[in-house]
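Reader: Got a minute to walk me through this one? I'd like to get my bearings before I set anything up.

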Amino acid sequence: YLSLDDTIQLPTMSEIVGSMFGFMGLIITTLDLSGHIETDAFDNPPTAIGDLAALGGALMMVIYMLATESIRQWMPVFLFSYPVNLISSIVLYILSYLFEDTKILATNSMGFFGFIEMPAFWYVLFLAFVPGFLGHIVISHVIKYIDAFVISILVTLEPMIGTLMAWALGYSMVPSLWTMLG
């Protein structure tokens, strides 16, 4: 990858070994796609598409972290965070319109601002602001001082922690043996 002085740095042996372990874990995790299919509380079985989406998301996160690490060396955190959040909001609105039948001016749950009339409005607002916006600012702030590789590893633990939280709250089944081993 490129460093701040635009020289190419080869990955260290520990980074190569760690990546190999990660890919072995990915392969082991996909073993739960064969045999009997277990579903979660919403009747969603594990799928290869879901695993590929998770891999793609992890790769995009690493690229984003490396770019953020470079930019944050000279740009203040709020000057960086505002356009990132604005652009991501616009892109998500466009994707929602294209793929989820979202209506631009509708005031029901299918509208862009349909969450305003939801009974869970305050929960949605909390989740958008605290883990979303503030979480992004904190990560963007500490990446100036902590290596992007370390932060990307910590961020990619989120699905595992989220699965365990969903299981503890009764919204998901116990992850399969292959998922836990992977």
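Author: Sure. One term to settle before we start: contact here means heavy atoms within 4.5 Å. Also keep in mind that this is a predicted model.

Reader: Noted. How many helices and strands in the protein?

Author: There are 7 helices and 0 strands. Read from the N terminus, the order is α-α-α-α-α-α-α.

Reader: And what share of the 182 residues is buried?

Author: Buried residues come to 17% of the 182. As for contacts with a separation of 6 or more, 54% of them join residues 24 or more positions apart.

Reader: Let's talk helix α2. How many residues, and what's the reach from first C-alpha to last?

Author: Helix α2 covers residues 48-71, so 24 residues by the DSSP run. From its first C-alpha to its last it reaches 34 Å, close to the 34 Å expected at 1.5 Å a residue.

Reader: Which residues of α2 are buried?

Author: Asp51, Met65, Thr68 and Glu69. The cover over the buried residues of α2 includes α1 (13-29), α3, α4 and α5.

Reader: Take Thr68, then. Why does it count as buried?

Author: Because its relative accessible area is 2%, and the cut-off for buried is under 20%. Setting aside neighbours within four places in sequence, Thr68 is in contact with Phe80, Ser140 and Ile143.

Reader: Which residues make up the largest nonpolar core?

Author: It has 5 residues in all: Met65, Ile143, Ala148, Ile151 and Val155. Helix α5 (residues 148-155) supplies the largest share of this core, 3 residues. Met65 also shows up among the buried residues of α2, and Ile143 is one of the contacts of Thr68.

Reader: What does Val155 touch, not counting residues up to four places away?

Author: Val155 touches Met61, Met65 and Ile139.

Reader: Switching to pockets. How much space is in the second largest one?

Author: About 930 Å³. The elements that give two or more residues to its lining are α3 (77-99) and α4 (121-142).

Reader: Which of those gives the most?

Author: That's α3, with 9 residues in the lining of the second largest pocket.

Reader: How many residues line it, and which lie nearest the centre?

Author: The lining has 24 residues, and Asn85, Ser88, Ser89, Leu92 and Ala128 lie nearest the centre.

Reader: I'm thinking about electrostatics. How does the lining of that second largest pocket split by class?

Author: It has 14 nonpolar residues, 10 polar ones and no charged residues.

Reader: Okay, back to single residues. Is Tyr97 buried or partly exposed?

Author: Tyr97, which sits in helix α3, is partly exposed because its relative accessible area is 43%, and partly exposed runs between 20% and 50%.

Reader: And what does Tyr97 touch further along in sequence?

Author: Leaving out residues up to four places away, Tyr97 touches Thr102, Ile104 and Phe112. As for Met110, 13 residues away along the chain, its C-alpha is separated from that of Tyr97 by 9.7 Å.

Reader: Last one: where is Val124?

Author: Val124 is in helix α4. Its relative accessibility is 29%, so it counts as partly exposed too. Apart from neighbours within four places in sequence, Val124 is in contact with Phe115 and Met118.

Reader: Great, that's what I needed. Thanks!

Technical notes. Residues are numbered from 1 along each chain as its sequence is written. This is a predicted model: local features need pLDDT of at least 70, side-chain atom pairs count only at pLDDT 80 or more; totals for chains, interfaces and linings use all residues. Side-chain values use heavy atoms; hydrogens and water are left out. On a 1 Å grid over the protein atoms alone, a cavity is a set of points where a 1.4 Å probe fits but cannot get out, and a pocket is an open set with protein on both sides within 12 Å along at least five of seven lines; lining residues have an atom within 4 Å of a point. Grid points are joined across faces, edges and corners, and a volume is the space filled by probe spheres set on the points. Helices (H or I, at least four residues) and strands (E, at least two) are DSSP runs, numbered from the N terminus. Ala, Val, Leu, Ile, Met, Phe, Trp, Tyr, Cys and Pro count as nonpolar, Asp, Glu, Lys and Arg as charged, and the others, Gly among them, as polar. A nonpolar core is a set of buried Ala, Val, Leu, Ile, Met, Phe, Trp, Tyr and Cys residues joined through side-chain atoms within 4.5 Å. Buried means under 20% relative accessible area, exposed over 50%, partly exposed in between (1.4 Å probe, protein chains only). The expected span of a helix is 1.5 Å times one less than its number of residues.
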